[in-house]
Amino acid sequence: MTDLIQATSVVPSVLALAAGGTAWRFWGQYRRERRTGDRLREQAAEFAGRQRATEDVLAQLTNGVIPGLGAEAERVGTGRGVDFALPEPLVNTLLAQRLTELANSAAHTVRKVQYDAQTSTNTQITGAQQAAQESSRAAVRAVSSAMVGMASKLSQRVSQGVRRHEGDEAYETLVGIDHPTQQMLLVAQNYVVLSGGKLSRRWPATPMTDVVRAAMGSIEEFERVEHQDLDIAVTSRAVGPVVHALAVLLDNAVRYSPSTSRVHVAFQEGHHGVSVIVDDAGLRMNDEQLLWARAILTGAQRDDINQLGAHPQTGLRAAAALAGDYGFRIDVEAPNPFGGTRVYLFLPKSLLTAAAPPRPRPAPAAAPRTTASGLAVRSRARNTSAPAAGRPAPSRNPADRQDPAPGRPAVAAAWAAGTRSARTQDPSDPSTTPHEGARP
Amino acid sequence: MSGPRRDPDLVRPYVRTDGRVRAHPDVRLETVVLAASGPSAGLGADARAVMGLFDRAGGGGLAVADIAAALEFPPSAVRIIVSSLIDEGLLTRPVPAGAGQPETDLLQEVLRGLRALV
C-alpha cells in the first residue's frame, strides 16, 4: 500500500517535473525563435528602407539629374553639375558608390558631347565666316581688277592718241579723258590691293623725280604740288607700288589743305635710303586722327576688306599694305612747319638703284617712228579736218610727195630722222645744214 | 623698246605741261628753235631735259619733233613745253612765222632739184 501511495505520490511529481522541464524548454525555444523573428523583421525593415532609399535615389537620378544633364546638353552654358541627395541608409554602401559613378559618368559623357558639339559649331561658324570673307574679297578683287584692266587699256590708248594726233584740240580732249582715267586707276587699284591682289602694270626703273610726277598724274589739282628733283631711281619692281602709295599721300595732302596752298615734296638722302617728305599746310590732324593714321600707315592695324566700315579710307590702307609688301615705310607726324601734316615715305637702299637708265639717244629714238607707216595713213585721214580750221599749211602739194604734210608726228619723226642722218653724214658741219635751210 | 601693250607714259602729258593744253600756234613740230641765254634756275625736270638736248646739239637748233623723238615725249606736250620755254626767254625761233618765207612753188622747185641730185 505504501508502495502504491508512494507510487501515486511520485508519479505526479515526476510528471510535473517532466512537464515543467518541457515547458521550460519550449519557452526557451520560443524566446529564441522570437528573437530570430525580431532580427529578421529588423533586417526586412532595413532592407525595405534601403530599397526605398535606392528607389528614391534612382528616382532622383531619372527625374532630376539625368534630365538636368540632358537639358544642359541641349542648352549650352546651363552649367549644373551632378548633385543628388544620398539618403542615410545608403551612405558608404557599394550601391551608393556605383550610383555616384554612374551619374558622374553620365555627366562626363554629356560634357564631352557638349564640348564636341560646341567645337564643331565654332569650327563651322569660323569656316562659314572665312568662306564669306573670302568670297566677298574675291568679288571685290574681280571687279577692281577688271576696272584696272579697262582703265589701263584706256590709258594706253590715250598715250597712243596723244602721240598720233598733234592738234591742240585733240590734245586737250585726250588729256581731258586721261586725267579722270588715271584717278579711276588709283581708286580701282586701291581695292585690288586691299582685296589681296597685285598691281598689274609694270614700269622700268624710274628716277625719283618722275616717280613723284607719275604720282601727281593720279590726283586732282596736281598743279599745287611742288617737288624737288632727285635722279636716284626706284627699281623696276617697286615703281608701281611707290607711285601708287605716293599718289595716295599726295591726294590726301591736296584734298585736306586749302586750295590756295601748296603741297611740298622734298627728298632726304640718308645712309640707308631715301625719304620722300610730303608737307601740306592743311588743318592739322588731331591727336586721335594722328594715332589712327599712324596705326594704319605703319601697318600696325591691317584691316580686312570686310572691316572697312561705312567710310572706308581705302587709300591709306592700300598704301600701307603696299609698303608692307614691298618693304618701304610710311609714317606721319603733325604739325609740320606749315601747321599741317607731314608724311614720310622711306625707301630703303634695296628699292633704289644708283641712277636712272640712260635715256634713248635721239637717233634710235627717231628710227621706229619712221617705220610706222600705218600710223601716218590713219593720222592723215583724221588730221585733215582739225588743222584746216587752225591753219592752211597741210593742204599743199599732195600730188608728187608721198610724205604727209607737216604738222603731224609721222612727218616730224621723218624730219628728225632726216636731220639726224644729215648730221651724222657731215660731222664737220654739225646740225647747221637743215637749219640754215629754214632761215631766210 | 616698249611693246605695244606697255603704256609709254608713266608721267602723264598733262603733268609734263603743268596743266597747260595750248601751245603757241606758230610752234609746230617742224619749227626749229635755238637755245638762248636766259635764267635757267628753277626749271622743271622736262624743261631741263629739253635744254640739255641743246647742250648736246653744240649750239645748233632743234626741231620740236627732234626734241619729242629724243625725249620720247608726246609731240603735243613738247610743243607746249617749248612754247613756255620761249615765253621764259630760254628758247628762240630763228624765223618769225609768216615773214619773208619763200613761196611754196619755189620750195617745190628746190625739192625737185634736190631729188634730181640724189
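## Basis and overview

Two strands are taken to pair where DSSP finds at least two bridges between them. On that basis, in this predicted model, strand S4 (263-269) and strand S5 (273-279) of chain A pair in the antiparallel sense over six bridges. Within this pair, Ala266(A) stands opposite Ile277(A) in S5(A), and a hairpin of three residues joins S4(A) to S5(A).

Chain A has 440 residues, of which 30% count as buried. Its secondary structure comprises 12 helices and eight strands. Among contacts in chain A with a separation of 6 or more, 73% are between residues 24 or more positions apart.

## The five-stranded sheet of chain A

S4(A) and S5(A) belong to an open sheet of five strands in the order S2-S4-S5-S7-S6, with mixed pairing. The edges are formed by strand S2 (225-227) and strand S6 (329-333) of chain A, each of which pairs on one side only. Direction ignored, neighbouring strands of this sheet are turned by 20° against each other on average.

On the other side of the hairpin pair, S5(A) and S7(A) are joined by seven bridges in the antiparallel sense, and Val276(A) stands opposite Leu345(A) in S7(A). Strand S7 (residues 342-348) of chain A also pairs with S6(A), in the antiparallel sense and over five bridges. Two residue pairs locate this register: Arg329(A) stands opposite Phe346(A) in S7(A), and Glu333(A) has Arg342(A) as its bridge partner in S7(A).

## Faces of the edge strand S6

In a regular strand, side chains alternate between the two faces of the sheet. In S6(A), Ile330(A) and Val332(A) make up a covered face, whereas Arg329(A), Asp331(A) and Glu333(A) make up an uncovered one. Both residues named above for the register with S7(A), Arg329(A) and Glu333(A), lie on the uncovered face.

## Helix H5 and the largest nonpolar core

Helix H5(A) lies across S2, S4, S5, S6 and S7 of chain A, and runs at about 170° to S7(A). What is the largest share of the core that comes from H5(A)? The largest nonpolar core has 66 residues, and the members that touch the most others are Val211(A), Val242(A), Ala245(A), Leu246(A), Leu249(A), Leu250(A) and Ala319(A). Helix H5 (residues 236-255) of chain A supplies the largest share of this core, 12 residues.

Val242(A) illustrates how the core is connected: leaving aside residues up to four places away in sequence, Val242(A) touches Val211(A), Val234(A), Phe328(A) and Leu347(A). Of these, Val211(A) is a residue of H4(A) and is buried. Helix H4 (residues 208-216) of chain A is mostly covered, with nine of its nine residues buried. The buried set in H4(A) includes the polar or charged positions Thr209(A), Asp210(A) and Arg213(A) alongside Met208(A), Val212(A), Ala214(A), Ala215(A) and Met216(A).

## Helix pairs in chain A

How do the axes of H2(A) and H3(A) cross? Helix H2 (residues 94-164) and helix H3 (residues 168-194) of chain A have axes that come within 8 Å and cross at roughly 155°. Angles over 145 degrees count as roughly antiparallel, and H2(A) and H3(A) are therefore roughly antiparallel to each other. Their crossing is left-handed.

A second pair is formed by helix H6 (residues 287-297) and helix H7 (residues 314-326) of chain A, whose axes come within 8 Å and cross at roughly 40°. That angle makes H6(A) oblique to H7(A). At this contact, Ala293(A), Ile296(A) and Leu297(A) in H6(A) meet Leu316(A), Arg317(A), Ala319(A) and Ala320(A) in H7(A). Ala319(A) is also one of the residues that touch the most other members of the largest nonpolar core.

## The sheet and second core involving chain B

Chain B contains an open sheet of three strands in the order S2-S1-S3, with antiparallel pairing. Strand S2 (62-63) and strand S3 (91-92) of chain B stand at the edges with a single partner strand each, so one side of each has no neighbour in the sheet. Strand S1 (residues 32-35) of chain B is joined to S3(B) by two bridges and runs antiparallel to it. Within this pairing, Leu34(B) has Thr92(B) as its bridge partner in S3(B).

Besides the largest nonpolar core, there is a second, separate core of 28 residues, which includes Ala70(B), Leu71(B), Val78(B) and Leu91(B).

Technical notes: Residues are numbered from 1 along each chain as its sequence is written. Chains are lettered from A and ligands numbered from 1 in the order in which they are written. This is a predicted model: local features need pLDDT of at least 70, side-chain atom pairs count only at pLDDT 80 or more; totals for chains, interfaces and linings use all residues. A nonpolar core is a set of buried Ala, Val, Leu, Ile, Met, Phe, Trp, Tyr and Cys residues joined through C-beta atoms within 7 Å. A residue is buried if 20 or more other C-beta atoms lie within 10 Å of its own, exposed if 12 or fewer, and partly exposed in between; C-beta atoms are placed from the backbone. Helices (H or I, at least four residues) and strands (E, at least two) are DSSP runs, numbered from the N terminus. Two residues are in contact if their C-beta atoms, placed from the backbone, lie within 7 Å. Axes are lines fitted to C-alpha atoms, for helices over the stretch in contact, and angles run from 0 to 180 degrees between N-to-C directions. Angles under 35 degrees count as roughly parallel, over 145 as roughly antiparallel, 65 to 115 as roughly perpendicular and the rest as oblique. A crossing is left-handed if the near helix is turned anticlockwise from the far one by less than a right angle, and right-handed if clockwise.
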